[in-house]
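I opened this entry to keep track of what I looked up, contact by contact. Charged pairs come before rings, strands and backbone.

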Amino acid sequence: MADGFKLNVKNLTKAFVTKKEDTLVIDNISINVKENEFLVLLGPGQCGKTVLLNMIAGLLKPTLGDIYIDNERIKGLDNRVLMVFQKLALLPWLTVTENVQIGMKYAKVPKPERKKIAQNYIDLVGLQGFENSYPHQLSGGMKQRVGIARAYASSPEILLMDEPFGQLDAQTRYAMEEEILKIWEKDKRTIIFVTNNIEEAVYLADRIVLLSKRPATVKNIFDLTSLDRPRNNLSGEFLEIRQEIADQMDLDIG
């Protein structure tokens, strides 16, 4: 890695072309992400955050631009990158342990090894005692923990999270924000987290990349590494940076 960057997004552009019209969604975005950094992509609804994340994940092909991991240009899917979606799609007929193991099973990891790895991450996300439970027996927050454990168990170097707490109630959302930071502190990965919630972004991020309304461009980058963790969302420093971002953020167009 040059200069400590794990991921480099260079001049990324995405346009959707149809017979009726061309729609520019991402306009010449460049971002450098450090190894083990918690980077948040913040922007109004429907601005193109998920499209950008899908290109990094290899699920969408850029119209222009390149993506590099460890200075190696990547095209399409890469097993070093894994996406956690808002809708987790846990398999309802599988237990917590079986859901966490699913990626390793397809990767043909031997059963004893994947059971050991799964248990490690089940313990890490605080689901001890629920190994044999099924998704319908779990709360929304617990399902999110299963999804995070499943993602970590697949050993990605870069974890992409697309508004993973967006469908949770406010109390559960705050709890999950605390949990993801605890998990990340114990088992560091490079995380790129998408949200349209300013307070969530300030609470979680090492750096915030603020995107404009569509077509998305980088409006500003905020370095929050000087803010101590865990962060107090009522502190003067927290409220000041939150207001500064709010003043620069485009109105939600969704």
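I began with R242 and E199, whose side chains meet in a salt bridge at 2.7 Å from N to O. R242 belongs to helix α7 (residues 236–248) and E199 to helix α6, so this pair ties together parts that are 43 residues apart in sequence. I noted R242 as partly exposed, because its relative accessibility is 29%. I should record here that the model is a predicted one.

**Other charged pairs**

Staying with helix α6, I looked up the salt bridge of R173 with E200, where the closest N and O atoms are 3.0 Å apart. This pair links distant parts of the chain, since R173 is in helix α5 and E200 in helix α6 (residues 198–204), 27 residues apart. Are R173 and E200 buried or exposed? I have R173 as buried, with a relative accessible area of 14%, and E200 as buried too, with a relative accessible area of 2%; the cut-off for that word is under 20%.

Next I turned to R229, which forms a salt bridge with D206, the closest N and O atoms being 2.8 Å apart. Here the link runs between two loops, with R229 in the one between β10 (218–223) and α7 and D206 in the one between α6 and β9 (207–211), 23 residues apart. R229 counts as partly exposed at 27% relative accessibility, whereas D206, at 12%, counts as buried.

How many salt bridges does the structure hold? I find 15 in the structure, and I also wrote down a network of salt bridges that links K6, D70 and E157.

**Cis peptide bonds**

Since R229 had already come up, I checked its backbone and found that a cis peptide bond joins R229 and P230, with omega about -5°. P230 is in the loop between β10 and α7. I entered a further cis peptide bond, from R214 to P215, with omega near 0°, and I place P215 in the loop between β9 and β10. Both entries deserved a line of their own, because most peptide bonds are trans.

**Aromatic rings**

I then went to the aromatic pairs, of which the structure holds four. In the pair of F38 and W184 the ring centres are 5.4 Å apart and the planes stand at 85°, so I call the pair edge-to-face. F38 is in strand β3 (residues 38–42) and W184 in helix α5 (residues 170–186), which means that the pair ties together parts 146 residues apart in sequence. Both F38 and W184 are buried.

Another pair, Y121 with Y152, is tilted, with 5.8 Å from centre to centre and 40° between the planes. Y121 lies in helix α3 (residues 111–124) and Y152 in helix α4 (residues 140–153), so this pair ties together parts that are 31 residues apart in sequence. I have Y121 as buried, at a relative accessible area of 8%, and Y152 as buried at 1%.

Coming back to W184, I noted that F38, F165, W184 and F193 form one aromatic cluster. The ring of W184 also has the charged end of K188 sitting over it, 4.5 Å from the ring centre. I recorded a similar arrangement for K10, whose charged end sits over the ring of Y68, 4.9 Å from its centre.

**Strands β1 and β2**

How do strands β1 and β2 run, parallel or antiparallel? I find β1 (residues 5–17) and β2 (residues 22–34) antiparallel and joined by nine bridges, and a hairpin of four residues connects β1 to β2. As one example of the pairing, K14 has I26 in β2 as its bridge partner.

Which residue of strand β1 has a positive phi without being glycine? I wrote down N11, with phi near 50°, in strand β1; it counts as partly exposed at 42% relative accessibility. In strand β2 I found N28, where phi is again positive, near 55°, and the residue is partly exposed with a relative accessible area of 45%.

**A surface patch**

My last look-up was the surface, where L59, L77 and F85 form a nonpolar patch with about 320 Å² of accessible area together. F85 is in the loop between β6 (81–84) and α2 (96–106), and at 38% relative accessibility I count F85 as partly exposed.

Notes. Residues numbered from 1 in each chain as written. Predicted model: local features only at pLDDT ≥ 70, side-chain atom pairs only at ≥ 80, totals over all residues. Heavy atoms only, no water. Patch = residues over 30% accessible without salt bridge, like charges linked within 9 Å, V, L, I, M, F, W, Y side chains within 5 Å. Areas by Shrake-Rupley, 256 points an atom, 1.4 Å probe, with all protein chains shown as cover. Salt bridge = Lys/Arg side-chain N within 4 Å of Asp/Glu carboxyl O. Buried < 20%, exposed > 50% of the residue type's maximum accessible area, 1.4 Å probe, protein only. Pairing = 2+ DSSP bridges. Phe/Tyr/Trp six-rings, centres within 6.5 Å; stacked < 30°, edge-to-face > 60°. Lys NZ or Arg CZ within 6 Å of the ring centre and 35° of its normal.
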